[in-house]
Amino acid sequence: KEKAAGFYLDPGALDYEGLAHVAHIFIEDVKQVTGAVMPFEHTWTDGPQMIAGTVGSCPALDELVKAGAVDVSALEGKREVFQIQLISHEGAEKLVIAGTETIATLFGIYYISKKIGVSPWVYWADVKPARQQEIVFDESIHFVSKQPSVKFRGFFMNDEWPSLGNFVMNTFGDFNEFFYEKVFDLLLRLNGNYFWPAMWSASLPLDGSEDPLAIIKLATALGITIGQSHHE
């Protein structure tokens, strides 16, 4: 039976909601590639785990930094930068993703997705990842991302009817948070941080399936900046 390392998130992290949202997407990415399901964990174990945390917002990560197990000096004074580091913690290997802010940490999670062969277009262009029998990371995975040279990077969605509108209505029922979850997923996989919606017959802040602010809340949890409708 296939086995996978656990995905650990500190439940006390200030940005837990956004990290958990993407962690579950990542777990599905791993399943597509290997068939194995990563356990989603809230406690340290004596086995291998991934941990994703934002510096200053994740008590577990901050403890590792304080203990000297993780060095985040490369992140100091930076914007939207993440690092990947393999460490040994209490005798077990941990793959640590540390970000300067929430969205940087999410970029780090998606960076690992790309490393295992998952395309940013896995959903929107039906790019099926190649299956792998085994995925193993060693110290060569250590990586520090570059600070983006452009502060805001993203999509402007224009003239959504009829093509996109018909697809959305048939697939999601409306321009709701389930549709925008897929849009935001692509945006983050491409290292974007900004979304400017078109609203021909819709209003992004009011289009949640039950909660009128569901889309705005999701974007906020993911660290995405939302622009304003151009026709208003």
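The legends below describe close-up views of a predicted model.

**View 1. Helices α1 and α3 run alongside each other in this predicted model.** Helix α1 covers residues 16-34, and helix α3 covers residues 102-115. Their axes come within 10 Å and cross at roughly 5 degrees. Angles under 35 degrees count as roughly parallel, and α1 and α3 are therefore described as roughly parallel to each other. On the α1 side, the residues that meet α3 are G18, L19, V22, I25, F26 and D29. On the α3 side, their counterparts are T102, T105, L106, I109, Y110, I112 and S113.

**View 2. Helices α3 and α5 pack at an angle of about 80 degrees.** The axes of these two helices are 9 Å apart. Angles of 65 to 115 degrees count as roughly perpendicular, and α3 and α5 are therefore roughly perpendicular to each other. From α3, the residues I103, L106, F107, Y110, S113 and K114 take part in the meeting of the two helices. From α5, which spans residues 177-189, the participants are D185, L188 and R189.

**View 3. Salt bridges join D29, D185 and R189 into one network.** Side chains of opposite charge can pair when their charged atoms come close. The structure holds four salt bridges, and two of the pairs are shown here. In one pair, the side chains of R189 and D29 meet with a distance of 3.1 Å from N to O. This pair links distant parts of the chain, since R189 belongs to helix α5 and D29 to helix α1, 160 residues apart. In the other pair, D185 and R189 meet at 3.0 Å, again N to O. D185 and R189 are separated by about one helical turn because they lie four residues apart in helix α5. Buried means under 20% relative accessible area; D185 is therefore buried, at 8%, and R189 is buried as well, at 3%. D29 is also buried.

**View 4. E80 and R153 form a salt bridge between two loops.** The closest N and O atoms of this pair are 2.6 Å apart. E80 lies in the loop between α2 (59-66) and β4 (82-89). R153 lies in the loop between β6 and β7 (154-156). The two residues are 73 residues apart, and their pairing links distant parts of the chain. Both E80 and R153 are buried.

**View 5. A cis peptide bond joins W161 and P162.** Most residues other than glycine have a negative phi, and most peptide bonds are trans. The bond between W161 and P162 has an omega of about 5 degrees. P162 is located in the loop between β7 and α4 (163-171).

**View 6. E90 and D126 each have a positive phi.** For E90, which is not a glycine, phi is about 55 degrees. E90 sits in the loop between β4 and β5 (92-99). Exposed means over 50% relative accessible area, so E90 is exposed, at 72%. For D126, phi is near 55 degrees, a positive value in a residue other than glycine. D126 is found in the loop between α3 and β6, and it is exposed, with a relative accessible area of 66%.

**View 7. W121, V127 and L190 make a nonpolar surface patch.** The area of this patch is about 240 Å². One of its members, V127, is placed in the loop between α3 and β6 (143-144). V127 counts as partly exposed because its relative accessibility is 32%.

**View 8. V168 is buried in helix α4.** V168 counts as buried because its relative accessibility is 0%. Leaving aside neighbours within four places in sequence, V168 is in contact with G173, D174, F175 and F179. V168 and A221 are 53 residues apart in sequence, and their C-alpha atoms are 23 Å apart in space.

Notes
Residues numbered from 1 in each chain as written. Predicted model: local features only at pLDDT ≥ 70, side-chain atom pairs only at ≥ 80, totals over all residues. Heavy atoms only, no water. Patch = residues over 30% accessible without salt bridge, like charges linked within 9 Å, V, L, I, M, F, W, Y side chains within 5 Å. Areas by Shrake-Rupley, 256 points an atom, 1.4 Å probe, with all protein chains shown as cover. Buried < 20%, exposed > 50% of the residue type's maximum accessible area, 1.4 Å probe, protein only. Axes fitted to C-alpha atoms, helices over the stretch in contact; angles between N-to-C directions. Parallel < 35°, antiparallel > 145°, perpendicular 65-115°, else oblique. Contact = heavy atoms within 4.5 Å.
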